[in-house]
Amino acid sequence: MHLLAAQPGVITDGSEAVDLAQDPAEIVFLSAADTELACLSTARAAWPGAPSVRAANLGLLGHPMSVDLWIDRVAAGARLVIVRLLGGKGYWLHGVERLHALARDGGPQVALLPGDAHPDLDLAVHSTLPPAALHRLWRYWVEGGVDNAGQFLRYAASLIGHPAPPPGREDSPPGHCAESPHDQC
């Protein structure tokens with residue numbers, strides 16, 4: 001079997017292994033929703049003192065070798081790994097099991113969040129954060145928008161001990177964006 005280089009804008013079917021060629025970061029985020037990745041990127045760019053962040057489309061990590069390579073190269077060097085899974089644990093079983101084992105063996109904190117507006121206790125069981133923290137991280141994405149992505153990033157940073165920026169309009173509770181909860185990227 002050979003390994004392909006990932007290409008921007010190309011989602012694989014998981015039949016070939018790909019290397020995302022990412023470096024580790026303090027916070028790592030996976031989602032199948034490009035809008036979430038764009039919102040997080042915009043929020044990160046608006047916060048000059050933010051911790052390092054790597055984000056990728058979960059659709060690129062369909063092959064077990066791709067998952068293993070990404071976990072070994074990127075997730076293992078993170079302090080917090082957050083994955084939004086549409087379809088639950090079964091959608092990305094190998095990845096969930098590998099991240100859970102990595103965290104259990106002293107690796108990063110892991111937050112496995114539902115990719116929709118319905119709670120998923122099975123994902124919570126495979127996470128290492130307390131239920132309240134998981135719920136709060138999840139709610140930012142349920143509400144959506146750039147403001148909530150900024151709040152998500154600030155809260156995630158606080159979970160790894162990163163100093164928070166001065167309070168601003170972004171610091172309201174999830175779902176209470178200064179503009180609109182539907183303010184999309």
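**Note on the predicted structure**

1. Residue Y91 is found in the loop that connects β5 (80–85) to α3. The model discussed here is a predicted one. With a relative accessible area of 46%, Y91 is partly exposed, because that class covers values between 20% and 50%. Apart from its neighbours within four places in sequence, Y91 is in contact with L58, L85 and L86. The C-alpha atoms of Y91 and G62 are 9.3 Å apart in space, while 29 residues separate Y91 and G62 in sequence.

2. A second loop residue is H63, located between β4 (53–57) and α2 (64–73). Is H63 buried or exposed? H63 has a relative accessible area of 10%, and it is therefore buried, since the limit for that class is under 20%. The side chain of H63 also reaches the backbone nitrogen of M65, at a distance of 3.0 Å.

3. The helix that follows this loop, α2, packs with helix α3 (residues 93–104). The angle between α2 and α3 is about 25°, and their axes are 10 Å apart. The two helices are therefore roughly parallel to each other, because angles under 35 degrees fall in that class. In passing α3, α2 makes a right-handed crossing.

4. Which residues bring α2 and α3 together? On the side of α2 they are P64, V67, D68, I71 and D72. On the side of α3 they are H94, G95, R98, L99 and L102. By character, the residues of this contact comprise five nonpolar, two polar and three charged.

5. Helix α3 also contains R104. The relative accessibility of R104 is 56%, so this residue counts as exposed, the limit for that class being over 50%. R104 and H126 stand 22 residues apart in sequence, and the distance between them in space is 9.8 Å, C-alpha to C-alpha.

6. Another helix pair consists of α1 (residues 34–45) and α6 (residues 146–159). At what angle do α1 and α6 pack? The angle is about 65°, and the axes of α1 and α6 lie 8 Å apart. That makes α1 roughly perpendicular to α6, because the class runs from 65 to 115 degrees. The crossing of α1 past α6 is right-handed.

7. The contact between these two helices draws on C39, L40, T42, A43 and R44 from α1. From α6 it draws on V146, A149, G150, F152 and L153. In the contact of α1 with α6, seven residues are nonpolar, two are polar and one is charged.

8. The remaining remarks concern the whole protein. How many helices and strands does the protein have? There are six helices and six strands. Along the sequence, their order follows the pattern β-β-β-α-β-α-β-α-β-α-α-α.

9. The protein has 185 residues, of which 45% are buried; H63, discussed above, is one of the buried residues. Among contacts between residues at least 6 apart in sequence, 70% join residues that are at least 24 apart.

Terms used: Residues are numbered from 1 along each chain as its sequence is written. This is a predicted model: local features need pLDDT of at least 70, side-chain atom pairs count only at pLDDT 80 or more; totals for chains, interfaces and linings use all residues. Side-chain values use heavy atoms; hydrogens and water are left out. Helices (H or I, at least four residues) and strands (E, at least two) are DSSP runs, numbered from the N terminus. Buried means under 20% relative accessible area, exposed over 50%, partly exposed in between (1.4 Å probe, protein chains only). A polar contact is a pair of N or O atoms within 3.5 Å; within protein, one must be able to donate a hydrogen and the other to accept it, and residues adjacent in sequence count only if both atoms are side-chain atoms. Axes are lines fitted to C-alpha atoms, for helices over the stretch in contact, and angles run from 0 to 180 degrees between N-to-C directions. Angles under 35 degrees count as roughly parallel, over 145 as roughly antiparallel, 65 to 115 as roughly perpendicular and the rest as oblique. A crossing is left-handed if the near helix is turned anticlockwise from the far one by less than a right angle, and right-handed if clockwise. Contact means heavy atoms within 4.5 Å. Ala, Val, Leu, Ile, Met, Phe, Trp, Tyr, Cys and Pro count as nonpolar, Asp, Glu, Lys and Arg as charged, and the others, Gly among them, as polar.
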